[in-house]
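Grab a coffee and work through these exercises with the model open beside you. Each one sets a task and then walks through a solution.

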Amino acid sequence: LANELGVSRITVKNAYTNLESDGVVYTREGSGTYVSPPIPDLGVRPPIQPATWPLWQMEVEDDYAIEPAPPYLSPSDTIAFIGVGDPREFPLKEFARTVREVFDHDGIEALEYGGLHAGYPPLRETIAHILASQGIAARPGEVLVTGGSQQALALVCQALLKPGDTVLVEKPTYNFALELFRSLKLKITGIPVDSQGMQVEYLEPVLQKQHPRLIYTIPVFQNPSGMCMSISRRRQLLELAARYNVPILEDDFVSDLRYEGRSLPAIKSLDPGGQVIYTGTFSKMLMPGLRIGYLLADGPIFDRLLRLKWVQDLATSNLMQHVLDTYVTVGRYQSHVRRSTRLYRKRRDAMQMAIRRYLPAGVTYAVPHGGLFLWLRLPEGMTCTELLPKAMHQGVEFSPGTRYFPDPDEGLPFIRLNFATHTPEEIDEGIRRLGKAMRDA
Ligand code: PMP
């Protein structure tokens, strides 16, 4: 046949293989290839339907409004002021060495599930030590290790809230907390933020009228504003939350990254009762790929959170918990934090200098004393949605302010710049490009 058709034998063989895998022909060993009998027509069948019972106690809508993906891909020469730390600074060699050490010392034990759903006990102790050094008295038994702090946020919502309940947030706030709350069909009320953090004076009427079931706050180097909540506001917030019996979820995602000034006590450390659930993460100080965070809670709420965590994923990676614990206890974590602090402080300063040099005078911002972000208000009349395509065209990317507000339109005059992800030279070039884009806009 191949000769007759004037094609190679391999082409013919491939054609037979394709026909056979499509079910058009079948082969009988030693006999030949035959045309398959016709496939019986079973008619049009309905697609498989998902079950309709509630997912745990929450009913999650499949089609809640997920923010659409941007209509572009960052080209490789784009300077993208987005993301968390600089991946080029991840402690790859030290971490690889620690993995090796864990295999040598802990062997297959690190490859089991691990005995406790709440986390690897030595790591829970290590986390309690880290917290104690920040003035938060935590017993290891109150620490629940989670798959990043994002899981901690989700667990808290699932343990405390039901669809239709109201959650109070800062405005602006962390975009994936907003996405989480939306996915769980919570009502979201924003309390504005200024240079002293959440403007707690607006809280009481909202507590009276809306009866929220949770207050979510990022009091240190807030994402995205970079601001810290003052001590007096922390006290007022705690006092109001206790009076109206609303739990506080304190998200401390980056407080170790302080460039100047004195750290303020965590709200959790001011809490005499069990009003505050505290969450932390190793994503920003170390690497997000670890997927290790934790929460701190006590009493019956701890048990409920633990049960939820257990049925959802059995446990956080035992291997990574062993590695992280070793990494911290031998002192590598602390020196990495010191290194990152020195590095990112320089980058923050470089970004400020470049902003003064290249951006129009109408741009305003407050300088954060730590963290990762500069939050810029654009010149009068300019919007982040109009600026973004122009910036992409110039080869620079930022995170638009619309992502960070319960009502996205309120974010139109803002952009968030991550100053940690690039070197001072790259920052200078990126902000120069941003200046060009602003002139275009
Ligand atoms: N909280 C805040 C404020 C964040 O910015 C992030 C991640 N960007 C998280 C929580 C979740 O981090 P992870 O799950 O990686 O710990």
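**Exercise 1. Work out how strand 12 and strand 15 pair, and where strand 12 sits in its sheet.**

Start with the pair itself: five bridges link strand 12 to strand 15 (residues 414-418), in the antiparallel sense. Keep in mind throughout that this is a predicted model. For a register check, find Trp 375, which stands opposite Arg 416 in strand 15.

Now widen the view. The sheet is open, has three strands in the order 12-15-14, and its pairing is antiparallel. Strand 12 (373-377) and strand 14 (399-400) each have a single partner strand, so they are the edges, and one side of each has no neighbour in the sheet.

**Exercise 2. Decide whether Phe 373 is buried or exposed, then list what it touches.**

First locate the residue: Phe 373 belongs to strand 12. Next, count neighbours. Phe 373 has 23 C-beta neighbours inside 10 Å, and the cut-off for buried is 20 or more, so Phe 373 is buried.

Then look for contacts, skipping residues up to four places away in sequence. What's left is Asn 223, Pro 224, Gly 226, Pro 368, Arg 416, Leu 417 and Asn 418. Two of these names deserve a second look: Asn 223 and Pro 224 are joined by a cis peptide bond, with omega about 15°. Pro 224 lies in the loop between strand 8 and helix 8 (231-243).

Finally, try a long-range pair. Phe 373 and Gly 83 are 290 residues apart in sequence, yet their C-alpha atoms are 9.9 Å apart.

**Exercise 3. Do the same for Asp 409: is it buried or exposed?**

Find Asp 409 in the loop between strand 14 and strand 15. It has 11 C-beta neighbours inside 10 Å; exposed means 12 or fewer, so Asp 409 is exposed. For the distance check, take Leu 116, which is 293 residues from Asp 409 along the chain: the two C-alpha atoms are 45 Å apart.

**Exercise 4. Lay out the eight-stranded sheet and place strand 8 in it.**

Write down the order first: 4-11-10-9-8-5-6-7, an open sheet with mixed pairing. The edges are strand 4 (143-146) and strand 7 (197-198), each pairing on one side only.

Now zoom in on strand 8. On one side, strand 8 runs parallel to strand 5 (residues 166-171), with three bridges, and Leu 168 has Ile 215 as its bridge partner. On the other, strand 8 (residues 214-217) and strand 9 (residues 248-252) are also parallel, over three bridges. Here Ile 215 stands opposite Ile 248, while Thr 217 has Glu 250 as its bridge partner.

Last step: the side chains. In a regular strand they alternate between the two faces of the sheet. In strand 8, Leu 214 and Tyr 216 point one way, Ile 215 and Thr 217 point the other, and all are buried.

**Exercise 5. Trace what helix 5 does for the sheet, the core and the ligand shell.**

Sheet first. Helix 5 lies across strands 4, 8, 9, 10 and 11, at about 160° to strand 10 (276-281).

Core next. The largest nonpolar core has 105 residues, and Leu 144, Val 156, Leu 295, Leu 296, Leu 324 and Leu 417 have the most contacts inside it. Helix 5 gives the most to this core, seven residues. Follow Val 156: beyond its neighbours within four places in sequence, Val 156 contacts Leu 249, Ile 277 and Leu 305.

Now the ligand. Helix 5 (residues 148-160) supplies three residues, the largest share of the shell. The 13 residues around the ligand include Gly 148, Ser 149, Gln 150, Thr 281 and Ser 283, which come nearest. By type, the shell splits into five nonpolar, seven polar and one charged.

**Exercise 6. Compare the backbone and burial of Lys 185 and Asn 245.**

Take phi first. Neither is a glycine, yet phi is positive: about 60° for Lys 185 and near 55° for Asn 245. Then place them: Lys 185 is in the loop between helix 6 and strand 6 (187-194), and Asn 245 in the loop between helix 8 and strand 9. Finish with burial: Lys 185, with 16 other C-beta atoms within 10 Å, is partly exposed, whereas Asn 245, with 10, is exposed.

Definitions and conventions. Residues numbered from 1 in each chain as written. Predicted model: local features only at pLDDT ≥ 70, side-chain atom pairs only at ≥ 80, totals over all residues. Near = placed C-beta within 6 Å. Helix = DSSP H or I, 4+ residues; strand = E, 2+ residues; numbered from the N terminus. Nonpolar A, V, L, I, M, F, W, Y, C, P; charged D, E, K, R; others polar. Pairing = 2+ DSSP bridges. Contact = placed C-beta atoms within 7 Å. Axes fitted to C-alpha atoms, helices over the stretch in contact; angles between N-to-C directions. Core = buried A, V, L, I, M, F, W, Y, C linked by C-beta atoms within 7 Å.
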